[in-house]
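Visitor: Could you take me on a close look at a single part of this protein? I would like to see how one helix is built and what surrounds it.

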Amino acid sequence: EGYETPYKKPDSRKPETVALQIAMGTYEVTPDVTWKKLLDMYLEMKRPKPNKPKPRNDRQQIKLERAATRAFEKVSLVLPQGMDTPLKELDKQTIRETVRDLWPIAGTRQKNISFFKAAFKIYSDETDEDVTGLNRIFSNIVTDDEARRDKRPRRSFTPEEQGIFIKNVMDNEADELKLLVQIMNATGARNSEVTGLELNDVKLDAEIPNIKYRDNSTRLLDK
């Protein structure tokens, strides 16, 4: 008395189960999951949850969401329906070639691929769908040779190389780029710091003219 039969969710991946549900009028047709929906699922899962510790601070959260969105949007440019392309229409070879072209550096490619793999896992956990075929899209897309190649230490320009670089910019580039390079050369600022400057950051009429690098709506500083 009081015993309830345990409920087991029907396995809609089995044709016989689907046929039975259709006959009983309980089969629900769900829309195809699209590339955009996959991104939305990923972002939602990565956002802070009420009454739970934040896995990252606000700055890190915004950076993560922007990076993931950029990665999905870049790949969507080669998809037949862009961000609205159903997952079942993804072409393995096209995506692999696109990923290699977009991110020729192995480390950068691996970082962006991690967004897609994580999104596929979230999709699988949420829907019980088998994503083995989707994950194969990215298998061995970063080779050991590439990883070793990209581990070569980076170095700064020598004074001679820096002089050649600046001369080429000043001789050949637009005024806007010339100004950016001059600021970087004079202050040691990074690309993201200079390109994210706003008018209020540049104090030319101060007692000591200065430039202030800070977080703003355009750019976040990592360190």
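Guide: Happy to! The expected span of a helix is 1.5 Å times one less than its number of residues. Keep that rule at hand while we look at helix α9, residues 175–187, in what is a predicted model. With 13 residues, α9 should span 18 Å, and the C-alpha atoms at its ends are indeed 18 Å apart, so expectation and model agree.

Now for the surroundings of α9. K178, V181 and I183 are buried in this helix; buried here means under 20% relative accessible area. The buried residues of α9 pack against three elements: α8 (159–172), α10 (191–195) and β2 (210–211). Just after α9 comes G188, which takes a positive phi of about 80 degrees.

To place α9 in its setting, step back to the whole chain. Ten helices and two strands make up its secondary structure, and from the N terminus the helices run in a row before the two strands follow. Of the 223 residues, 29% count as buried. Among contacts between residues at least 6 apart in sequence, 58% join residues at least 24 apart. The chain exposes about 16,200 Å², with carbon and sulfur atoms supplying 52% of that area.

For another helix packing in this chain, turn to α2 (residues 35–46) and α5 (residues 106–127): their axes come within 9 Å and cross at roughly 85 degrees. That angle makes α2 roughly perpendicular to α5. By class, their contact has twelve nonpolar, no polar and one charged residues.

Technical notes. Residues are numbered from 1 along each chain as its sequence is written. This is a predicted model: local features need pLDDT of at least 70, side-chain atom pairs count only at pLDDT 80 or more; totals for chains, interfaces and linings use all residues. Side-chain values use heavy atoms; hydrogens and water are left out. Helices (H or I, at least four residues) and strands (E, at least two) are DSSP runs, numbered from the N terminus. Buried means under 20% relative accessible area, exposed over 50%, partly exposed in between (1.4 Å probe, protein chains only). Contact means heavy atoms within 4.5 Å. Axes are lines fitted to C-alpha atoms, for helices over the stretch in contact, and angles run from 0 to 180 degrees between N-to-C directions. Angles under 35 degrees count as roughly parallel, over 145 as roughly antiparallel, 65 to 115 as roughly perpendicular and the rest as oblique. Ala, Val, Leu, Ile, Met, Phe, Trp, Tyr, Cys and Pro count as nonpolar, Asp, Glu, Lys and Arg as charged, and the others, Gly among them, as polar. Accessible areas come from the Shrake-Rupley method with a 1.4 Å probe; for residues, only the protein chains shown count as cover.
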